[in-house]
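Welcome, and please take a moment to look over the molecule shown below. The report that follows is a short guided tour for someone meeting it for the first time.

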Amino acid sequence: MGGTPIFTILLVGIGLASASDKACGTSIAALVLARGGSKGIPLKNIVEIQPNQTLLGRALDTIRQSGVFDAIWVSTDHEQIAVEAYLHGANVFARSEVHAQDHSTSLDATREFLDAHPEIDKFALVQCTSPLLRVHYLEEAALQLTSQECSECEERTPSCIFSVIRSYKLRWRKDAANGRLEAINFDPFARPRRQDWAGELVETGMFYFADRQMIIEANSFQNNRCSVVEVEEIDALEIDNQKHLELARLLIALE
């Protein structure tokens, strides 16, 4: 290799081995943001979730198994993460230092990626720290996206789908001024039974399907025309600390 850094070599695109049939000719790219500067769990994105399988590797395997993406990308600033992405057949995008800080947002990092890849219109931002991502969730989201694309071909309005859980929790808040409690989503004098209401939809962060117009022009992953994919509450586990990681390992071992 003549001393060329591995990370530089990985910047060359790697074609996806297979692509699924797309309604209306819709092409979707998968994007995983995986910076190297995580604090709670160092290099969290490539920590092992089970023997010989990292969080990133597990996510990339699930993404590929879904068969709904024409390309799979990992945006990273770290060489070890780039190597892991390469080993799982993903393309690697060199995330800039300015968008790989603790305060950097997913929106800014996604915009950076899309600016560098004007050929990508539809994409899915997939979070690799959601280790219980399922193939059928991605398949359902892709189906909704392509269905929206078919029905909106003339209007060209943005499409967006994201993952949620349905919650039946009764929520309260405390007034900062007087310290009194106030019910947020129910009447305390007419408490609903679970079967009496539809509950609330809560984002999981597991994935966001959108088009570049929303990011570049609206600076958002979502609008009021979005659809959702409901995931099982237990599958919505997100790895933020060591306890979450140990719980995920236990759940996967039970599968």
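The tour goes from the whole protein to its disulfide, its hollows and a few single residues.

**Ground rules**

This is a predicted model, in which local features need pLDDT of at least 70, side-chain atom pairs count only at pLDDT 80 or more, and totals for chains, interfaces and linings use all residues. Residues are numbered from 1 along each chain as its sequence is written, and side-chain values use heavy atoms, with hydrogens and water left out.

**The whole protein**

Seven helices and eleven strands make up the list of elements in the protein; helices (H or I, at least four residues) and strands (E, at least two) are DSSP runs, numbered from the N terminus. The protein has 255 residues, and 45% of them count as buried. Here buried means under 20% relative accessible area, exposed means over 50%, and partly exposed lies in between (1.4 Å probe, protein chains only).

The protein exposes about 13,300 Å², with carbon and sulfur atoms supplying 51% of it. Such areas come from the Shrake-Rupley method with a 1.4 Å probe, and for residues only the protein chains shown count as cover. Among contacts with a separation of 6 or more, 74% join residues 24 or more positions apart; a contact means heavy atoms within 4.5 Å.

**The disulfide**

Which cysteines form a disulfide? Cys 160 and Cys 226 do, with their sulfur atoms 2.0 Å apart, and the structure holds one disulfide (a pair of cysteine sulfur atoms within 2.5 Å). Cys 160 sits in the loop between α5 (135–151) and β7 (161–167), while Cys 226 sits in the loop between α6 (212–216) and β11 (227–230), so the pair ties together parts that are 66 residues apart in sequence. The torsion about their S-S bond is about -115 degrees, so the disulfide is left-handed. Cys 160 is buried, with a relative accessible area of 0%.

**Pockets and a cavity**

On a 1 Å grid over the protein atoms alone, a cavity is a set of points where a 1.4 Å probe fits but cannot get out, and a pocket is an open set with protein on both sides within 12 Å along at least five of seven lines; lining residues have an atom within 4 Å of a point. Grid points are joined across faces, edges and corners, and a volume is the space filled by probe spheres set on the points.

The table puts three of these hollows side by side.

| Hollow | Volume | Lining by class |
|---|---|---|
| Largest pocket | about 600 Å³ | nine nonpolar, ten polar and seven charged residues |
| Second largest pocket | about 190 Å³ | four nonpolar, two polar and six charged residues |
| Second largest cavity | about 30 Å³ | five nonpolar, two polar and one charged residues |

In these classes, Ala, Val, Leu, Ile, Met, Phe, Trp, Tyr, Cys and Pro count as nonpolar, Asp, Glu, Lys and Arg as charged, and the others, Gly among them, as polar.

The largest pocket is lined by 26 residues, and nearest its centre lie Leu 33, Arg 35, Ser 106, Gln 127 and Thr 129. Two or more residues of that lining come from each of β6 (122–126) and β10 (200–211).

The lining of the second largest pocket includes His 136, Tyr 137, Ile 165, Arg 166 and Ser 167. Both α5 and β7 give two or more residues to it, and the largest share, three residues, comes from β7.

A search of the whole structure finds two cavities of 30 Å³ or more. Residues lining the second largest cavity include Leu 55, Arg 58, Cys 128 and Pro 131. Cys 128 counts as buried, at 2% relative accessibility.

**Single residues worth a look**

Where does Leu 43 lie? Leu 43 is in the loop between β1 (28–33) and β2 (48–50). Although not a glycine, Leu 43 has a positive phi of about 50 degrees, and at 22% relative accessibility Leu 43 is partly exposed.

Asn 52, in the loop between β2 and β3 (53–54), also is not a glycine and has a positive phi of about 65 degrees. Is Asn 52 buried or exposed? Asn 52 is exposed, with a relative accessible area of 75%.

Finally, Ala 90 lies in the loop between α3 (79–87) and β5 (91–94) and counts as buried at 1% relative accessibility. The C-alpha atoms of Ala 90 and Trp 73 are separated by 5.4 Å, with the two residues 17 apart along the chain.
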